[in-house]
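Please keep the sequence and the coordinates side by side while reading, so that each residue named below can be found in both. The walk-through moves from one region to another and pauses at a few single residues on the way.

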Amino acid sequence: MQTMSYTDSFLSVLPPLIALSVALITRRVIIALSCGIVAGALLISEFSFISSAEYLGNLALDLVWDDGAANGWNIQIIAFLLLLGAMTSLMTATGSTSAFANWAKKRIQTRRQATMTTALLSFVVFVDDYFHSLAVGSVTRPLTDQAGVSRAKLAYLLDSTAAPMCVLMPLSSWGAYIIALVGGLLVTHGISDISPLAAFATMVPLNFYAIFALLMALVVAYFNLNIGPMRQHESAAEQGQLFDAAKGTPAGSVNHDFEADNGSPLGLVLPIVVLTLVTFSSFVITGAAALEEQSFSLLAALENTEVTISLVYGGLVGLLISVVFAIRQRLSVAQVGQAIYLGLKAMLPAIIILLFAWSISGVIGDLETGKYLASQLDGAINPAMLPMLIFVLAGLMAFATGTSWGTFGIMLPIAADMAVASEVSLMLPMLSAVLAGAVFGDHCSPISDTTILSSTGSACHHIDHVATQLPYALLVAGISMLSYLVMGLSGSVSAALSIGLVVFAIVTGALYHRQQTAATALNNSL
């Protein structure tokens, strides 16, 4: 069908703004996303109800069937979620989750130990952000629950160590994708004195948001730094109210009528470890198969890997291991079947939100919201300001569209063209600013699949996660903007990073001192 173009119109930003506003007001994600989708459909069809209905029908069909074939990416992500839900449910039914929690109580007894374990796992599980949020969430949720850490805090730690870590690592699905994009840009602009991998390595210390987001996660985990709405969630969690602000049980939680009393911690750890190993092996194998006649290298394999089918393979083997443990625990066939059914059912709310998020991303793509936002940078801007402005624009685009990878695809070529036209030495700093801004916007966006999966992995109410994470993300973004401004003005990466680190230390130190002072005053008044 013929659709209206809004490349040059502010109206292209309206649907994501509507979705965000309704979500914050009603706290009902599906209703909010539905409003944004319908508003976008009406704009695209020039307010023709028949054309809007036709467009929405095609949009729904594209979720599972695209260009005459099954939409493998979406279907495989949903399959992985279902497999992980079934596996997690079996872990509970076999008593493995409780056994792991009891084992952990003897070794991980404090909130600090539980949260630091969660944060530090980002340096181990970084091959993919989806996998990180769901797998690490499954492992650490029993630890944080028994330590009295809120699900909102767990969701924040998962989200703040997923994409920020993946975007810094060349041996990840993110790193391989970025290296491929940067390599194409270097060829386009005739830059041959640096390889794509060397360019990526040079950009790592320039990705200020990712660096400071990881540091903030470690500070929050170690010092229990709570700002904004997180204070209420943590206070309630200390009193045993894990779902204080949520209505009902969050996605990913399973309530069983039965649970084996002879569970083993190995029943939780082994399926996750096997899942991790099989998934990474599948990354390499599927990537190597795509290389065909090219010589094999690990980086090239990860660049061409099939991420979603690899996750499915890992999920299948992980579920099989959990079934074996269930048989060992003498669960009946009916109990195993019921546990799997409950796990699948528990994932449905997250899958529904994900389907709606994908739908509004399709609407936003058709409205060309990203191109409109990119066009708002004036060509007469002082080159020294460009890294900071590119960071802000990439953040707005990722926030509005809910995708960091899509923002990479749109903004990296634009940033490269602007650098060549103004000051070619700023190319890598500006490309880094795009990466940082995209992660920041995606981090904050309620329609981002990574944000949704972090909520799922922690079994946290989605809007609670968005609301509690936002103050931390905005604080880190502010420090990152300052660093990009310093880098643009001075041309020195070390100066920009040093000033950012000093400001980061001062701000977090002041917040912690204020928190301790308030706690002392409260104790004295009791």
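What follows describes a predicted model, taking helix packing, nonpolar cores and some individual residues in turn.

A convenient place to begin is helix α2, which spans residues 29–44 and packs against helix α16, residues 333–367, at an angle of about 25° with the two axes 9 Å apart. Because angles under 35 degrees count as roughly parallel, α2 is described as roughly parallel to α16, and the crossing in which α2 passes α16 is left-handed. On the α2 side the contact includes Val29, Ile30, Leu33, Ile37 and Ile44, while on the α16 side it includes Ile352, Phe356, Ile360, Val363 and Leu367. Taken by class, the residues of this contact divide into 14 nonpolar, 4 polar and 1 charged.

Following the chain onward from α2, one enters the loop that leads to α3 (49–62), and Glu46 is found in this loop. The phi angle of Glu46 is near 55°, a positive value in a residue other than glycine. Phe47 lies in the loop between α2 and α3 as well, and its phi is near 65°, again positive although the residue is not glycine. Are these residues buried or exposed? Glu46 has a relative accessible area of 55% and is therefore exposed, and Phe47, with a relative accessible area of 55%, is likewise exposed.

Helix α7, residues 129–146, can be followed through two packing partners, of which one treated here is helix α5, residues 96–107; the axes of α5 and α7 come within 9 Å and cross at roughly 55°. The two helices are therefore oblique to each other, and α5 passes α7 in a right-handed crossing. This contact is made by Thr97, Phe100, Ala101, Ala104 and Lys105 of α5 together with Val139, Pro142, Leu143 and Gln146 of α7, a set that comprises 6 nonpolar, 2 polar and 1 charged residues.

The other partner described here is helix α21, residues 449–458, which packs with α7 at an angle of about 15°, the axes being 8 Å apart. That angle makes α7 roughly parallel to α21, and the crossing of this pair is right-handed. Among the residues in contact are Asp129, Tyr130, Ser133 and Arg141 of α7, and Asp449, Thr450, Leu453 and Ser458 of α21. By class, the contact of α7 with α21 has 3 nonpolar, 8 polar and 3 charged residues.

From the helix pairs we turn to the nonpolar interior. In soluble globular proteins, nonpolar side chains tend to be buried together. Here the largest nonpolar core has 77 residues, and those with the most contacts inside it are Val167, Tyr209, Phe408 and Leu431. Leaving aside residues up to four places away in sequence, Val167 touches Trp174, Ile178, Phe200, Asn207, Ala210, Phe408, Leu435 and Val439. Apart from this core lies another, of 65 residues, among them Ile44, Ala86, Ala93 and Val312; Ile44 has already appeared in the contact of α2 with α16.

A last stop is Ile321, which lies in helix α15, residues 307–328. With a relative accessible area of 21%, Ile321 is partly exposed, and, not counting residues up to four places away in sequence, it touches Leu270, Pro271 and Val274. Ile321 and Pro471 are 150 residues apart in sequence and, from C-alpha to C-alpha, 40 Å apart in space.

Notes: Residues numbered from 1 in each chain as written. Predicted model: local features only at pLDDT ≥ 70, side-chain atom pairs only at ≥ 80, totals over all residues. Heavy atoms only, no water. Axes fitted to C-alpha atoms, helices over the stretch in contact; angles between N-to-C directions. Helix = DSSP H or I, 4+ residues; strand = E, 2+ residues; numbered from the N terminus. Parallel < 35°, antiparallel > 145°, perpendicular 65-115°, else oblique. Left-handed = near helix turned anticlockwise from the far one by under 90°. Contact = heavy atoms within 4.5 Å. Nonpolar A, V, L, I, M, F, W, Y, C, P; charged D, E, K, R; others polar. Buried < 20%, exposed > 50% of the residue type's maximum accessible area, 1.4 Å probe, protein only. Core = buried A, V, L, I, M, F, W, Y, C linked by side-chain atoms within 4.5 Å.
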